[in-house]
Amino acid sequence: MGNKAYRFRLYPNQEQQAFLAKCFGCSRFVYNHFLRVTTDVYAESKKHFRYKEWARLLVQLKKEFQWLAEVNSQSLQQTLKDLESAFTRFFKKLAKFPRFKKRLSRQSFRVPQHFSVTSDGKLKLPKMNTIKMVVHREIEGTLKNVTISKTPSGKYYASIVTETEIYKAPLTGEKIGLDLGLKDFVITSKPEKFPNPRYFQKSLRRLKIRQRRLSRKVKGANNRSKARLIVAKIHEKVANQRLDYQHKISLKLTCENQAISCEDLNIKGMVKNRKLAKQISDVAWGQFLTLLEYKGDIYGCEIHRVDRFFPSSKRCSKCGYIKEDLTLTDREWTCPECSEHHDRDVNACYNLLQFSDLKIPLEEREFTPNQTVEMLCIKSVSS
Ligand SMILES: [Zn+2]
């Protein structure tokens, strides 16, 4: 059994839109309130409030602000759980310190239970009548939870998570090393290269013009919200194009292979390089790795992340020689030890493949995983 996610477009009527706005507002209010409380308490007493304290305080808060009782109480508790995981991710150094949610960015709240999809494909949420939804694919499995969101451009979506029997692709025994880059987005040890489409770069000129127009509009004016909508739509289009491209590649790779080893990227550290920051956020490697892991779970492909300090580019994948003087501009190089000629990125992929601890269920394992990988590498290098 595994989880599967579906995203459907919602078409709430005006009355429903007003109620959803209330739900988004309450969820945002609770999130921001407890984020503030927690930072204040910590500043004063070095005590760190977590979900248990928040849930207790939420009961009091609801007495103080009675409009909070108008929305589904489980969604508010869920918001606190989301805040907790935001803090957890921060303490594990996986994310920045939680930020306040803004009224004009993407809005969302989650319904952890007591919702359903009617036989004619409408969504039933607690305290609301059914909302029109476009169910463009069949929902498999039992419903687990649903997140309702509204994009800055004003579109509504339901992301439904179900628990279902997962179809595992037949064992292929195929393993690859995978490298992420800027010139080519994905390079594999096969070798295969997927170009970087640079969607953001391509929209940049249009975006700059629209952003300049937006900045000239008077705050609070009607024309300002119109201009903001146009900017939001450009951003949305770029994000959709990118996501679509990444869905296709990650699906192909996880279906064709049984194990993928890739570099564990220090994305945050990389973005500090101001020259590259824009390009790096445009390729969205982090999002791609998330997709890869999610699909790997579904299709039975193990994703292994190799420690990021491993010198994957500088090492000759054939003899192990480390070429210390290799620079970022060297796209190709020849090993002085064994005179093997390398494509920089493909060589890195071979190394990642060799150095990962691949746990692949092999039918009859005559060799250790490392030996198998070694043989595979030598085979692919010579072919
Ligand atoms: Zn060599």
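**View 1. Burial of two zinc-binding cysteines, Cys-335 and Cys-338, in the predicted model.** Cys-335 is buried, because its relative accessibility is 2% and buried means under 20% relative accessible area, exposed over 50% and partly exposed in between (1.4 Å probe, protein chains only). Cys-338, at 27%, is partly exposed. Residues are numbered from 1 along each chain as its sequence is written, and side-chain values use heavy atoms, without hydrogens and water. In this predicted model local features need pLDDT of at least 70 and side-chain atom pairs count only at pLDDT 80 or more, whereas totals for chains, interfaces and linings use all residues.

**View 2. Coordination of the zinc ion.** The SG atoms of Cys-316, Cys-319, Cys-335 and Cys-338 coordinate the zinc ion at 2.3 Å; donors are N, O and S atoms within 2.8 Å of the metal (3.2 Å for Na, K and Ca). The site is tetrahedral, with angles of 107 to 113° among its 4 donor atoms (four donors, all angles between 85 and 135 degrees). The donor residues follow the spacing C-x2-C-x15-C-x2-C in sequence.

**View 3. The largest nonpolar core.** This core has 36 residues, a nonpolar core being a set of buried Ala, Val, Leu, Ile, Met, Phe, Trp, Tyr and Cys residues joined through side-chain atoms within 4.5 Å. Among the residues touching the most other members are Leu-10, Phe-34 and Leu-125.

**View 4. Surroundings of Leu-125.** Apart from neighbours within four places in sequence, Leu-125 is in contact (heavy atoms within 4.5 Å) with Val-111, Phe-115, Ile-131, Val-146 and Ile-148. A second, separate core of 30 residues includes Tyr-199, Leu-204, Ile-249 and Leu-292.

Note on methods
Tetrahedral: all angles 85-135°; square planar, octahedral: opposite > 155°, others 65-115°.
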